[in-house]
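Visitor: Before we go through this model, I would like to understand how its terms are applied. Could you set each value against its definition?

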Amino acid sequence: AFFQVINAAMIAYLHAAAYIRDEQHALRAVCLLAATAPWLWRNRVPYHSFRKNYVGKKVTLTRAMYAVKKWQFVLYKHALLHGLNVSTCALPNVHDVVHRKDFRIYWIVLNASYVLEFFMQSLVRARALPQSFMVALNIALMVAASICATPLVLSNVCVAAACTSLFLNFSSACKRWLPTEVHRIVVVLFVACIAPHTISDIYTNIRTRS
């Protein structure tokens with residue numbers, strides 16, 4: 001339920017950002033902070049730890065899948081959530097990302113993955129679906145989501161913003177100084193403003209110079 005709220009806040013923000021004029025930087029930043037605000041309640045919501053399913057246990061296909069899902073979630077959170085939100089705020093060519101085909105395909109696959117995963121888990125608990133079949137479908141969903149996310153990340157996500165978000169999340173010292181996602185998103189936005197380059201931009205610059 002928490003990530004459904006996060007997704008609702010994100011899509012509302014992206015639609016709003018598409019209609020905010022380029023010179024209205026402050027308004028776009030306020031909308032970004034509003035979209036990040038639900039993370040203030042993250043610790044009050046029960047959540048499932050991927051690590052408990054594979055750390056210190058015998059390697060199996062299911063446990064390997066949970067390990068992959070852990071790092072897929074890391075990519076989602078720092079590149080496709082915070083990274084894309086900040087890039088939409090800081091990069092003029094990304095303001096209208098919500099209207100682009102690659103984003104719409106990714107958004108459909110993302111939400112379909114959420115719905116199908118919860119539905120399949122319910123079927124497994126009711127013993128109406130074998131766990132092995134659920135694992136196979138989960139792998140297919142993970143592959144589809146990754147394929148759809150790749151062009152979106154390459155063309156629309158600021159590399160420095162995504163990397164900064166990742167660093168702040170795993171640094172214990174940064175967590176002491178920046179205790180909430182809202183604090184960290186301000187730092188990530190600042191980095192995106194001074195280094196507004198996507199992977200596609202960097203590749204184009206390298207090819208131009210060579």
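Guide: Let us start with burial: a residue is buried when its relative accessible area is under 20%, exposed when it is over 50%, and partly exposed in between, with a 1.4 Å probe and protein chains only. By that rule, both Glu181 and Arg184 are buried. The model is a predicted one, in which local features need pLDDT of at least 70 and side-chain atom pairs count only at pLDDT 80 or more, while totals for chains, interfaces and linings use all residues. Residues are numbered from 1 along each chain as its sequence is written, and side-chain values use heavy atoms, with hydrogens and water left out.

Visitor: Why is Arg21 called exposed?

Guide: Arg21 has 52% relative accessibility, and therefore counts as exposed. Glu23 is likewise exposed, at 52% relative accessibility.

Visitor: What makes the contact of Arg21 and Glu23 a salt bridge?

Guide: The term requires a side-chain nitrogen of Lys or Arg within 4 Å of a carboxyl oxygen of Asp or Glu. The side chains of Arg21 and Glu23 meet at 3.0 Å, N to O, so the pair fits the definition. As a general matter, side chains of opposite charge can pair when their charged atoms come close. A search of the whole structure finds 4 salt bridges.

Visitor: Which parts does the salt bridge of Lys77 and Glu181 tie together?

Guide: In this salt bridge the closest N and O atoms of Lys77 and Glu181 are 3.0 Å apart. Lys77 lies in helix H3 and Glu181 in helix H8 (residues 181-194), so the pair ties together parts that are 104 residues apart in sequence; helices here are DSSP runs (H or I, at least four residues), numbered from the N terminus. Both Lys77 and Glu181 are buried.

Visitor: How do you know that Lys77, Glu181 and Arg184 belong to one network?

Guide: Glu181 also forms a salt bridge with Arg184, with the closest N and O atoms 3.3 Å apart. Salt bridges that share partners join Lys77, Glu181 and Arg184 into one network. Glu181 and Arg184 are 3 residues apart in helix H8, and are therefore separated by about one helical turn.

Visitor: What makes the lining of the largest cavity free of one residue class, and which class is that?

Guide: Ala, Val, Leu, Ile, Met, Phe, Trp, Tyr, Cys and Pro count as nonpolar, Asp, Glu, Lys and Arg as charged, and the others, Gly among them, as polar. On that basis the lining has 6 nonpolar, 3 polar and no charged residues.

Conventions: Helices (H or I, at least four residues) and strands (E, at least two) are DSSP runs, numbered from the N terminus.
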